[in-house]
Amino acid sequence: MLLERVRATSKSQRGPAEPRANGGPSRRNSSAFSPAKILEALERPSYTACEPVQRLSAFDEAIRILRLEQYVDNTTSSIDPSARQSLVRQIYYWLRPLFPVAFRKYLQRIALRDWSSIPFPKWPVDFTTERIMDEVWRQLLESNGGEALPFIWFWPEGQSSCCIMTHDVETATGRDFCKTMMEMERRHGITSAFEVVPEERYEVPEMYLQELRDGGCEVCLHGLNHDGHLFSSEAVFLERAQKINAYARSWGAVGFRSPVMYRNLAWLHAFQFSYDMSVPNVAHLDPQRGGCCTVMPYFIGDILELPLTTTQDYSLFHILQQRSLDLWKQQVAMIRERYGLISFIVHPDYVNEKWSSDLYDALLDYIAELRAQHGVWMALPKEVDAWWRARREMRLVQEHGDWRISGPRSEQARVAYASLKEGRVVYRVESSKAVAGVV
Ligand SMILES: [Zn+2]
C-alpha cells in the first residue's frame, strides 16, 4: 500500500531531465529512479539478480539522487517565473506585507494542508539514505565472512551524535532579541549561529555582528534581501550570489542558509561558502517540498551540506499549532538512534513572547542534558564543517595488526567497527585514540 502511494507520488513529482549549470550536479539517470524502487529494494534485498558490485553502485547512485533531491522536480521549474504556482507565490510575496499576521498563517496552513498525506520522504525524519547504507554494510560484511569491518567514527572523541542550534533573523524585532537569546544560551553553556539578512530587511550595524561574535556565536548569511526571488532565475541568482559572497567575505562568514529554504542545488557552486544549511531532511512543511532523506552531513561539490533535521519553530507553532517539546524530542530520539546530526532553526522573531521563550529555555535545558548524559557533541556549524572536512582527509591504516587513523586531527578521531548482530548492522566505537605512527 505504502509502495503504491509512493509510486504514484514519485511519478507525478518527477519532471523531464533538463541541463544543469556548469559544475553543478546533473539530473543524469534521475528519470530511471524513483523512491518506490529504492524502498522496494530495501524491503526485499534479494529481489534483484544483480552482481553485488552492480547493486552497490546502484545504491551509491540512489544516495546521490536523494541527497540532491533529484527525485522530485522542485529545483528549477517549480520556481520558474512562468510557472503558475510560482506566479501565485510571487503575488503572495508582493501582497504579504498587506495581510494581517493571522490571515497569513491561515493561508500558509491552507497551502500546506496536504502535508500529512505525502508518503515520501517519511515524516517526521526520513532515514532512507541511512537504510541504504545499512544494506551496503550488510553486503560488505557478508562478503567479508561476517567479520567486523573498521571505519572512522562520525564525530570527534567518539561522541554519540551532534547538535547545532541556528537562528534565522527575519526582522528588526528578531535582531533586537538576539542578545536575550544569547544570554539564555550562555546560562546553559550553549553557543549558536545567527543567520543575518544583509540588505533591506533591517539595519545591520557592525556592532551587532561583533556582539554575536564576542558571545562565542557564529554569523552566517541568510540570503541577500529575503524577498523570495533569490532563485527566480539563474541570472538573478548569479548576480545576487556575487553580492552575498562579498558580504560573507567582509563579515568573515563561512556558512549560508537560504531564506524560506528555497534552493537549487545545481547552482550552489556559485557560492564561496564552506557550508550550506538550506536542505531539509523532509520538507513537507516548507513551500519547496522534497528533502535529502539523510541525517548526516554530505558534500555537494566542495560545499558541505548540513541538513535541517528537525521541524522549524515557525512550523511547529503555527502550522502544527503545538506549544510543546514533544515533536522535537521525538525527532531527536530518532536521529540519535542513527548517530546523526540534530539541527534546529529557532527564530528570534518567534520566541520573544513569554510562552515561547519559556519553551526555548526548556529546549536548551533538554539539549544541555543530552550533552551531559548522552555524549552529544554540541557545536557551532563551522566546527562541524571543519571536523567533517578533516575526517574526509583521514585514512585508516593497519599497524602491527591494529587499525589506526592518519591525517589531520586524527588524535580526535576514533576507530569504529560495523558488524551484524541478529541480522542488524551495529557499530562499536573504540574508546581510546588510535593515531597512526604513535607508539
Ligand atoms: Zn528567513
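1. Cys-163 of strand E2 stands opposite Ile-342 in strand E9. The two strands, E2 (residues 161-168) and E9 (residues 341-345), pair in the parallel sense over five bridges; pairing requires that DSSP finds at least two bridges between two strands. Strands (E, at least two residues) and helices (H or I, at least four) are DSSP runs, numbered from the N terminus.

2. This is a predicted model, in which local features need pLDDT of at least 70 and side-chain atom pairs count only at pLDDT 80 or more, while totals for chains, interfaces and linings use all residues. Residues are numbered from 1 along each chain as its sequence is written.

3. Cys-163 also has a bridge partner in E10, Met-378. E10 (residues 376-378) pairs with E2 in the parallel sense over three bridges.

4. E3 (residues 193-196) is another parallel partner of E2, over three bridges, with Ala-193 as the bridge partner of Thr-166. The chain passes from E2 through helix H7 (residues 172-187) to E3 in a right-handed β-α-β crossover (with the strands pointing away from the viewer, the path from the first strand over the helix to the second runs clockwise).

5. Eight of the eight residues of E2 are buried (20 or more other C-beta atoms within 10 Å of the residue's own, C-beta atoms being placed from the backbone). Ser-161, Cys-163, Met-165 and His-167 point one way, and Cys-162, Ile-164, Thr-166 and Asp-168 the other.

6. In helix H6 (residues 128-143), the end C-alpha atoms are 23 Å apart, which agrees with the 22 Å expected for 16 residues at 1.5 Å a residue (1.5 Å times one less than the number of residues). Thr-128, Thr-129, Glu-130 and Ile-132 of H6 are buried. Just after H6, Gly-145 takes a positive phi of about 70°.

Methods
Buried ≥ 20, exposed ≤ 12 C-beta atoms within 10 Å, placed from the backbone.
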